[in-house]
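Trainee: Could we go through this structure together? I should like to begin with how the protein is divided.
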2 protein chains.
Amino acid sequence: MVTMQQVADRAKVSISTVSFVVNNTKPVTPETRERVLQVIDELGYRRNRAARALASRKSRILALIYPMLDHRNNHAFVESAATAAEERGYNLVLWPLHSDNVTTEIASLIEAGFADGVLLMEVQLDDERVSRLREAQAPFVLIGRTRELAGIDYVDIDFERTTQTAVDELAKLGHRDLALVLEDLRGTPLAGYAPPIRTEQAFREAVAARGLAGTVFHVAHDSGSISALPAELASSAPQTTAIVSMHDAASLALLSALPRRGIEVPRDLSIVTIGTTASLAALSQPPLSTYEAPGHVLGRAAAEALIARLEGRDGPATQVLVPCALHPGASMGPAPARA
Amino acid sequence: MVTMQQVADRAKVSISTVSFVVNNTKPVTPETRERVLQVIDELGYRRNRAARALASRKSRILALIYPMLDHRNNHAFVESAATAAEERGYNLVLWPLHSDNVTTEIASLIEAGFADGVLLMEVQLDDERVSRLREAQAPFVLIGRTRELAGIDYVDIDFERTTQTAVDELAKLGHRDLALVLEDLRGTPLAGYAPPIRTEQAFREAVAARGLAGTVFHVAHDSGSISALPAELASSAPQTTAIVSMHDAASLALLSALPRRGIEVPRDLSIVTIGTTASLAALSQPPLSTYEAPGHVLGRAAAEALIARLEGRDGPATQVLVPCALHPGASMGPAPARA
DNA sequence: TTGTAGGCGTTATCAG
DNA sequence: CTGATAACGCCTACAA
């Protein structure tokens, strides 16, 4: 391993000078700078992260709390967060956090100087982990939102706006009778998970404001509940011409079951999903029209917000909401002529 | 931050003694040991990773090469690898590796002392990254297998055995005419991806050895190709009664399209998938019978193998193959009575 | 069994 | 603008 000292010797400067050019931390004359850079290149010198971390008291590591309960849509997010971090000289570590020792773990993470800050995903409306992070004085950024948001940095999907947009779009296509399909998360670890809650509220408000009809279905995750949905829809809301779905399995089930009931998508019924990835569309036949979760944008934004905080640009909290963009599929179309 | 010195002072021992008890690196009398532990607890002392890394020349960090091209089935894997690492005092960092600078990046990763070893997923049959890792003398473990395997540590799904098992199982159910559906990866970044290649070969051998008929379909990833599959199946292999699929979108498409052609699953046709996760079964109606990728087992095995190597237990290479286990769904059944 | 002391490779403070 | 020189917190021979 090449050390800074070796570079300094070879370039006939002091070790501090090498540090200055490497870190751009103090002005150096172009000539010496050039010479040092040259030697660095010749020798293939690289800063040692451990030494750097020890001396600077900064690990340049961001911890991403793991496991993630919702394994469906966060790949893009994680990937972009890792990339954004790396671009700025940070790295993302996966931090498996077991529910039994949340308190200890979160504190130790920062106190031990291992990570400089924390990224927390899949936040519940009331999330113990967030309280712990505040107590531990740990710099953190949420992906998602808790109920209380004062002074908290977060980035999240703008479910409210996405829902409104979806409803608007459907209304524009002539749909008057909508339905919203949500996962029923009662009794699961995701029980307090905010997205469906926010979406339901936004949906009810949106349809009310526009004078539309809107039925909400909470569908559990078991095969029975899912396969019962088409029948339930037919019986309790037969006039529905458009479905907004946040329940992937249900979306697919509808897509394959409806034709057998003589209902063609999108001719007789439109389906759009919210907060999904394009990969769901790739799995469905016809491809689902999806309001795609902006995972890449959010991952990057989260990492950048955290790094900004770590580097002292304090200012007001970063509070970013990004709506989902429509990934056009083939499951949304104009409302059928009314009977 | 509490330092070792502070613990030592308070416990009235030297700093080295604290180190010895903390690391179990030298015998210490039970009394002193107890006393030290006590103080550690009182003060909430935690080792500083940076200092430890610097002094010991070990970062205790495993780098997981990222991004992963195949975003479908590796969540379980990543999660388990992170957990297994953490249990042993290591951490997993996500290392975004861009194809343009593979060489530099991989070398620097290790040379800079940032990571002790590397985990590499989604290995191609001939993978440049593997060559680089060898050149850089970096300890690494593959998840997957290259063509050349001498002396290489890897863990992988046993596609061969899984395929044989699947074929056996179907044969036992009376099926004589099988089909294999694979993704056509030509022209994609995953072109040399080994799983479909190995599976195809295993499938051909298995059906031949058992005197069964076996047709292979390579289906591209576009919606057109996928939706054309049912028709293609009907025309070029109409006698097929069982399908083995490694193409998720195609599996789902078949499931929803076949009934419209008067073919009921599994009454008239069985479908089993290979190397998928249970979440696919959760998305399908009826739930697909899946030979589930052993992501958790492999993730853990990979991390453990790498750590073992890092800690000097050299011995022969770890070469682990784990077959997929059948996650019973409702898409596999006895062959229909022959016409 | 326990203590002493010299690194590990950088950063950062202070002089020059 | 450049150079000495203390830290940073821990590990690990080597001594006692």
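Mentor: In this predicted model, chain A is divided into domain 1 (4–56), domain 2 (61–157 + 295–323) and domain 3 (159–293).

Trainee: How many residues does the contact take from domain 2 of chain A and from domain 3 of chain A?

Mentor: Domain 2 of chain A gives 14 residues to that contact, and domain 3 of chain A gives 18 residues. The centres of these two domains, taken over C-alpha atoms, are separated by 30 Å.

Trainee: And what area do domain 2 and domain 3 of chain A bury between them?

Mentor: They bury about 1,500 Å², with 51% of it on carbon and sulfur atoms.

Trainee: How many salt bridges are there between domain 2 of chain A and domain 3 of chain A?

Mentor: The count is 1 salt bridge. A:R145 forms a salt bridge with A:E160, and their closest N and O atoms are 3.3 Å apart. On the side of domain 2 of chain A that touches domain 3 of chain A, there are 5 nonpolar, 4 polar and 5 charged residues. Across this interface, 6 residue pairs are in polar contact, both residues being at pLDDT 80 or more.

Trainee: Let us turn to the two chains. How many residues does the contact take from chain A and from chain B?

Mentor: Chain A supplies 50 residues and chain B supplies 50 residues. The area buried between chain A and chain B is about 4,500 Å², and carbon and sulfur atoms give 64% of it.

Trainee: Which residues in chain A lose the most area to chain B?

Mentor: They are A:R46, A:H75 and A:Q285, which together account for 15% of what that side buries.

Trainee: How many salt bridges and polar contacts are found across the interface of chain A and chain B?

Mentor: There are 0 salt bridges across it, while 8 residue pairs are in polar contact, both at pLDDT 80 or more. By class, the side of chain A that touches chain B has 27 nonpolar, 14 polar and 9 charged residues.

Trainee: Now the DNA, please. Which residues are closest to DNA strand C?

Mentor: The closest are A:M4, B:S14, B:S16, B:T17 and B:T29, and 27 residues surround the strand. Of the atoms of DNA strand C that come within 4 Å of the protein, sugar and phosphate account for 71%.

Trainee: What lies by the phosphate oxygens of DNA strand C?

Mentor: A polar side-chain atom of B:T29 is 2.4 Å from one phosphate oxygen of DNA strand C. An N or O atom in the side chain of A:R52 is 3.1 Å from a phosphate oxygen of that strand. As for the bases, a backbone N or O atom of B:A55 lies 3.4 Å from a base oxygen of DNA strand C.

Trainee: And which residues are closest to DNA strand D?

Mentor: 29 residues surround DNA strand D, the closest being A:S14, A:T17, A:T29, B:M4 and B:Y45. Sugar and phosphate make up 68% of the atoms of this strand that come within 4 Å of the protein.

Trainee: Where do backbone atoms come up to DNA strand D?

Mentor: A polar backbone atom of B:N48 is 3.2 Å from a phosphate oxygen of DNA strand D. A backbone N or O atom of A:A55 lies 3.3 Å from a base oxygen, and one of B:A51 lies 3.5 Å from a base nitrogen of the strand. The elements that give two or more residues to the surface near DNA strand D are α2 and α4 of chain A together with α2 and α4 of chain B.

Definitions and conventions
Residues are numbered from 1 along each chain as its sequence is written. Chains are lettered from A and ligands numbered from 1 in the order in which they are written. This is a predicted model: local features need pLDDT of at least 70, side-chain atom pairs count only at pLDDT 80 or more; totals for chains, interfaces and linings use all residues. Side-chain values use heavy atoms; hydrogens and water are left out. Domain bounds come from an automatic or database domain assignment. Contact means heavy atoms within 4.5 Å. Buried area is the accessible area (1.4 Å probe) that two parts lose on being put together, summed over both. A salt bridge is a side-chain nitrogen of Lys or Arg within 4 Å of a carboxyl oxygen of Asp or Glu. A polar contact is a pair of N or O atoms within 3.5 Å; within protein, one must be able to donate a hydrogen and the other to accept it, and residues adjacent in sequence count only if both atoms are side-chain atoms. Ala, Val, Leu, Ile, Met, Phe, Trp, Tyr, Cys and Pro count as nonpolar, Asp, Glu, Lys and Arg as charged, and the others, Gly among them, as polar. A residue is near a molecule or strand if one of its heavy atoms lies within 4 Å of it. Helices (H or I, at least four residues) and strands (E, at least two) are DSSP runs, numbered from the N terminus.
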